[in-house]
Amino acid sequence: MMNRRSLLSLPLGLVWTPSFAQARRVGRLMIIGGAEDKLKDRIILQRFVELCGGSGSRIRVLSAASSDPASAWATYRSVFSELGVGDCQPIPIPDRDAADSSTVTDLILQADGIFISGGDQRRLMELIWETEAFRALHAAFHLRGCCVGGTSAGAAVLSRNMLVQGEATKLPEKEVAELDIGLGFVARAIVDQHFSERGRLGRLLSALAQRPQMLGVGVDEDTALVIERGLGIEVIGRGAVTIVDGRSMLSNHDRIDERERLELLGVRLHVLPSGHRYSLNPKALQARAMPTALLEAVGLLVESGPIRG
């Protein structure tokens, strides 16, 4: 395994050379809509463990988004222990100094899986933006093929264009959604969580009116979208994932005032229930037949974003 110094000092251009690409695992993302089952079947968290490499994998929990990081860590430590994981440790980031420490970066770079808890996505980004921890997260995912999962705020933060807050309006309104910069693992989409349960379609549409070149991804509670870079996606859990594609829409966003109703014409919407895989390879096992519009959307979701930092 490459050590911290060699990983963090690699020239970014080296990442995409063919010889290096053959040596690394394919990175996976697990985007969880929040309120995942931690007590009964625990389908989502069990699948996260499997994607990390099974019970022998090294899982690290980043709970800095939470207002009570110690409690959030204790919850996931218990769950992962019950799922058979023997090496599960917290990534302690109480302040920005800690985010620049070798202790934290070493924990990140040795991980097979990194799980980001819920809380406040802005709190997390204020702690790690442009720190060594931020850079190490990208090195772990892009260079080592580490599986990165996030729930609730931990899901929202996976986007580059991160949805920070905004009320769940019944109809989309201009500027009802506030955006900021997130981790950037999902480069071409804006992620929203607790989607159906909190009626957030209007909020997501409002966000897309601000960033029409993006997809919108709404994930229901106890539901996860698994993204396998360059290959395809899968939905697991008890709900659905809603993909909103406004790249070809016509909008009055630039002609109306803040909080006025948006006109959005030509928006495409895909509802993907749990239990289905959508692969870019039509011959892949359990792959679903897809219309061209959904095939394009899946292609954007699995597209690798740039290494940040």
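**Rings, cores and buried residues**

Me: How many aromatic pairs does the structure hold?
Reply: This is a predicted model, in which local features need pLDDT of at least 70 and side-chain atom pairs count only at pLDDT 80 or more, while totals for chains, interfaces and linings use all residues. Residues are numbered from 1 along each chain as its sequence is written, and side-chain values use heavy atoms, with hydrogens and water left out. Rings of Phe, Tyr and Trp (its six-membered ring) pair if their centres lie within 6.5 Å, and planes under 30 degrees apart count as stacked, over 60 as edge-to-face and the rest as tilted. Counted in this way, the number of aromatic pairs in the structure is seven.

Me: Which kind of pair do the rings of Phe 48 and Phe 80 form?
Reply: The centres of the two rings, Phe 48 and Phe 80, are 5.9 Å apart. Their planes stand at 40°, and therefore the pair is tilted.

Me: How many residues apart are Phe 48 and Phe 80, the two members of this pair?
Reply: Phe 48 belongs to helix α3 (residues 43-52) and Phe 80 to helix α4 (residues 69-82), so that the pair links distant parts of the chain. Helices (H or I, at least four residues) and strands (E, at least two) are DSSP runs, numbered from the N terminus. Along the chain, the separation of Phe 48 and Phe 80 is 32 residues.

Me: Are Phe 48 and Phe 80 buried or exposed?
Reply: Buried means under 20% relative accessible area, exposed over 50%, and partly exposed in between (1.4 Å probe, protein chains only). Phe 48 has 0% relative accessibility, and Phe 80 also stands at 0%. Phe 48 therefore counts as buried, and Phe 80 likewise counts as buried.

Me: At what angle do the ring planes of Phe 141 and Phe 185 stand?
Reply: The rings of Phe 141 and Phe 185 have their centres 4.9 Å apart. This pair is tilted, because the planes stand at 50°.

Me: In which helix does Phe 141 lie, given that its pair with Phe 185 links distant parts of the chain?
Reply: Phe 185 sits in the loop between β7 (178-181) and β8 (189-192), 44 residues away from Phe 141. Phe 141, for its part, is in helix α8.

Me: Which residue lies over the face of Phe 141?
Reply: A charge sits over a ring if NZ of Lys or CZ of Arg is within 6 Å of the ring centre and within 35 degrees of the ring normal. Phe 141 is itself buried, because its relative accessibility is 1%. At 4.7 Å from the ring centre of Phe 141, the residue over the face is Arg 229.

Me: Which residues have the most contacts inside the largest nonpolar core?
Reply: A nonpolar core is a set of buried Ala, Val, Leu, Ile, Met, Phe, Trp, Tyr and Cys residues joined through side-chain atoms within 4.5 Å. The largest one here has 58 residues. Those with the most contacts inside this core are Ile 93, Ile 128, Leu 183 and Ile 233.

Me: Which helix gives the largest share of this core?
Reply: The largest share amounts to seven residues. These come from one helix, spanning residues 132-142, and that helix is α8.

Me: How many residues are in the other core, which lies apart from this one?
Reply: Ile 59, Val 79, Phe 80 and Leu 83 are among the members of this other core. Its number of residues is 22.

Me: Which residues does Val 164 touch, not counting residues up to four places away in sequence?
Reply: Val 164 is found in strand β6 (residues 161-165). With a relative accessible area of 12%, Val 164 is buried. Contact means heavy atoms within 4.5 Å. On that basis, Val 164 touches Gln 121, Arg 122, Glu 178, Leu 179 and Asp 180.

Me: How far apart are the C-alpha atoms of Glu 228 and Leu 250?
Reply: Glu 228 is found in strand β10 (residues 223-228), and Glu 228 is buried, with a relative accessible area of 17%. Leu 250 is 22 residues from Glu 228 along the chain. The C-alpha atoms of these two residues are separated by 31 Å.

Me: Is Arg 200 buried or exposed?
Reply: Arg 200 lies in the loop between β8 and α10 (201-210), and its contacts more than four places away in sequence are Ala 168, Asp 192, Gln 193, His 194 and Phe 195. Because its relative accessibility is 12%, Arg 200 counts as buried.
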